[in-house]
Amino acid sequence: MALAARLEQYLSEQGLSFRELAIEPAPNLDAAVIASGRSQHDFVQATLLLDIDGVVMAVHRFDSALDIPAVQQLTGRRLQPLTARQSKRLFEDCEPGFVPPVGGAYRVPVLVDEDVVDGESVLFSGGRNDSLIEIDGETLKILLADAFRARLVIHGQGGTDRGALTLDEVAGKLRNIYRLPPMPALAPQILSMATGEKAVAEDLADVIELDPSLTAQVLRYARSGLFETSGEIKTVRHAVTRVLGVDRVAHIIQGSALVGGFGIPRDGILGMQAFWSHALYCGFLCQRIAPRCGVDRDMAYLCGLLHNFGLLLLGYLFPAEFEELNRLREGNPEASMKALEQQVFGHGDEQAELVVGHGAIGGLFHRFWQLPEPVIKAAGMHQYQGYTGEHETYVLIVQLANGLLKTRGIGDEFNEDNVPVLLASLGLRQDAVYDFEKDIDSLSPDLDALTSSRPS
């Protein structure tokens, strides 16, 4: 019998029947599934996770991807995938990559995806590379009787066959972008203001700040070597009043309006309208939170406005992958964006950490264009809960704003935003939430009007 010793003993002790399916020796479980000639949906597999409290086994169908952030939130633990070396030590009677999804045989607690126990029969690895096991649905229920059942996976698979996306690859593409594809909806209004007889730079700056793309564009020009500036340019108002001037801003906007847009559809969960609504809400809410945390209001606004800019860049630089990401987002509304991006763009190492996603791309882009460091950090780190380090307050403010907006269905990702923890980290009282919610209510009519009136 070609079974791992502990699995064989466990099945025998439980008096459970199974059928063995012999196959040619396979280098990995993927090859074994193909060699069986059976549908991938007939198989279940084990994903092994580890933290300081020990190992957890997540059992899910072979044609699904485990949503690790969702598992972390479900368990309240910082679980991460086992490395091959760790797995070999703990499951020494199994061939590498062929751990059976039977936690009871190894005294490992089990989480099981809700879709697993619905089939009439399933196949899985028996611990060896030359055979598989098939059991009926009732036997599977017995094996998983003590498992905790929940939704653990991302439904649908990433459609690309590319390797893991790397920051070097993204950097190469970004270096070739001289001018950011704009969202020129406000361009006519800005040009009208700039060319009027009573153009006021401060008013012009306020309108520019309503558009994340134009904000980034204006700051880029102001901070470039084209102008001799004294001191660091941190805000659009500073850029317009002290560096660029009204006429030059008009030229920048006019030039931007000549460039094609991002090519991202207006509607949909990752569409331009949803992005812009989230950006505006987050920017203005960050501006309201900032004074209570002792940081600059305008800088906090920029952090909130531009923190998700990498999402547009994903659509612009990698349209096929972005389309797949949008499809997965639609089918998995409660999955974290980090997990979905991992599914589409691949894993960077055996720890299954995401090499690059919209946060990393946004942070890299902002650095290329020499935007302020807090903006770079907010973009790059807003998905990472518990962040500590440079410009931590700005990152936490963006995370808090996202957490508060998420309860109202505003935003593009389901992160484990822990509002009480974020409040405590920022030195804020719990009753501050009431004030921030009032701020959202007061801002909503104007922000919604801006969003709905924006052309595609």
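In this predicted model, helix α11, which covers residues 272–289, packs against helix α12, residues 297–306, with the two axes 7 Å apart and at an angle of about 155 degrees. Because angles over 145 degrees count as roughly antiparallel, α11 is described as roughly antiparallel to α12. The angle and the distance between the axes are the two values by which a pair of packed helices is described, and to these one can add the handedness, since the crossing of α11 and α12 is right-handed.

The residues that make this contact can be picked out on both sides. From α11 come Ala 279, Leu 280, Cys 282, Gly 283, Phe 284, Cys 286 and Gln 287, while α12 contributes Arg 297, Asp 298, Ala 300, Tyr 301, Gly 304 and Leu 305. Sorted by class, the contact of α11 with α12 holds eight nonpolar residues, three polar ones and two charged ones. A general feature of helices helps in reading such a list: an α-helix has 3.6 residues a turn, so residues three or four places apart point the same way.

Two members of this contact deserve a separate look, and they bring us to the aromatic rings. Across the whole structure, a search finds three aromatic pairs. One of them is formed by Phe 284 and Tyr 301, whose ring centres are 5.1 Å apart and whose planes stand at 80 degrees to each other, an arrangement called edge-to-face. Since Phe 284 belongs to helix α11 and Tyr 301 to helix α12, the pair ties together parts that are 17 residues apart in sequence. Phe 284 and Tyr 301 are both buried.

Beside Phe 284 in the sequence of α11 we find Gly 283, which also lies in this helix. Gly 283 has a relative accessibility of 0%, and therefore counts as buried. If neighbours within four places in sequence are set aside, Gly 283 is in contact with Tyr 301, Gly 304 and Leu 305, and these three residues were named above on the α12 side of the helix contact. Gly 283 can also be placed relative to a part of the chain further along: Val 398 is 115 residues away from Gly 283 in sequence, yet their C-alpha atoms are 8.4 Å apart in space.

Between α11 and α12 runs a loop, and Arg 292 has its place there. Unlike the buried Gly 283, Arg 292 counts as partly exposed, because its relative accessibility is 43%. Leaving out neighbours within four places in sequence, the contacts of Arg 292 are with Leu 428, Ala 432, Asp 435 and Phe 436. A distance makes the link to that part of the chain concrete, for Arg 292 and Leu 426 are separated by 134 residues in sequence but by 8.8 Å from C-alpha to C-alpha.

Val 398, met above through Gly 283, leads on to a second pair of helices. Helix α17, residues 373–381, and helix α18, residues 392–406, have axes that come within 8 Å and cross at roughly 50 degrees, which means that α17 is oblique to α18. Here too the crossing is right-handed. In this contact Pro 374, Lys 377, Ala 378 and Met 381 of α17 meet Tyr 394, Val 395, Val 398 and Gln 399 of α18, and by class the residues are six nonpolar, one polar and one charged.

The loop between α17 and α18 contains His 391, a residue that has a positive phi of about 55 degrees although it is not a glycine. His 391 counts as partly exposed, because its relative accessibility is 30%. Arg 107, likewise not a glycine, also has a positive phi of about 55 degrees, and its place is in the loop between α4 (84–90) and β6 (110–113). With a relative accessible area of 80%, Arg 107 is exposed.

Helix α16, residues 358–368, has eight of its 11 residues buried, so this helix is largely enclosed by the rest of the structure. The buried residues of α16 are His 358, Gly 359, Ile 361, Gly 362, Gly 363, Leu 364, Phe 365 and His 366.

Finally, we can step back to the whole protein, which has 20 helices and 10 strands. Of its 456 residues, 54% are buried. Among the contacts between residues at least 6 apart in sequence, 70% join residues at least 24 apart.

Definitions and conventions
Residues are numbered from 1 along each chain as its sequence is written. This is a predicted model: local features need pLDDT of at least 70, side-chain atom pairs count only at pLDDT 80 or more; totals for chains, interfaces and linings use all residues. Side-chain values use heavy atoms; hydrogens and water are left out. Axes are lines fitted to C-alpha atoms, for helices over the stretch in contact, and angles run from 0 to 180 degrees between N-to-C directions. Helices (H or I, at least four residues) and strands (E, at least two) are DSSP runs, numbered from the N terminus. Angles under 35 degrees count as roughly parallel, over 145 as roughly antiparallel, 65 to 115 as roughly perpendicular and the rest as oblique. A crossing is left-handed if the near helix is turned anticlockwise from the far one by less than a right angle, and right-handed if clockwise. Contact means heavy atoms within 4.5 Å. Ala, Val, Leu, Ile, Met, Phe, Trp, Tyr, Cys and Pro count as nonpolar, Asp, Glu, Lys and Arg as charged, and the others, Gly among them, as polar. Rings of Phe, Tyr and Trp (its six-membered ring) pair if their centres lie within 6.5 Å; planes under 30 degrees apart count as stacked, over 60 as edge-to-face and the rest as tilted. Buried means under 20% relative accessible area, exposed over 50%, partly exposed in between (1.4 Å probe, protein chains only).
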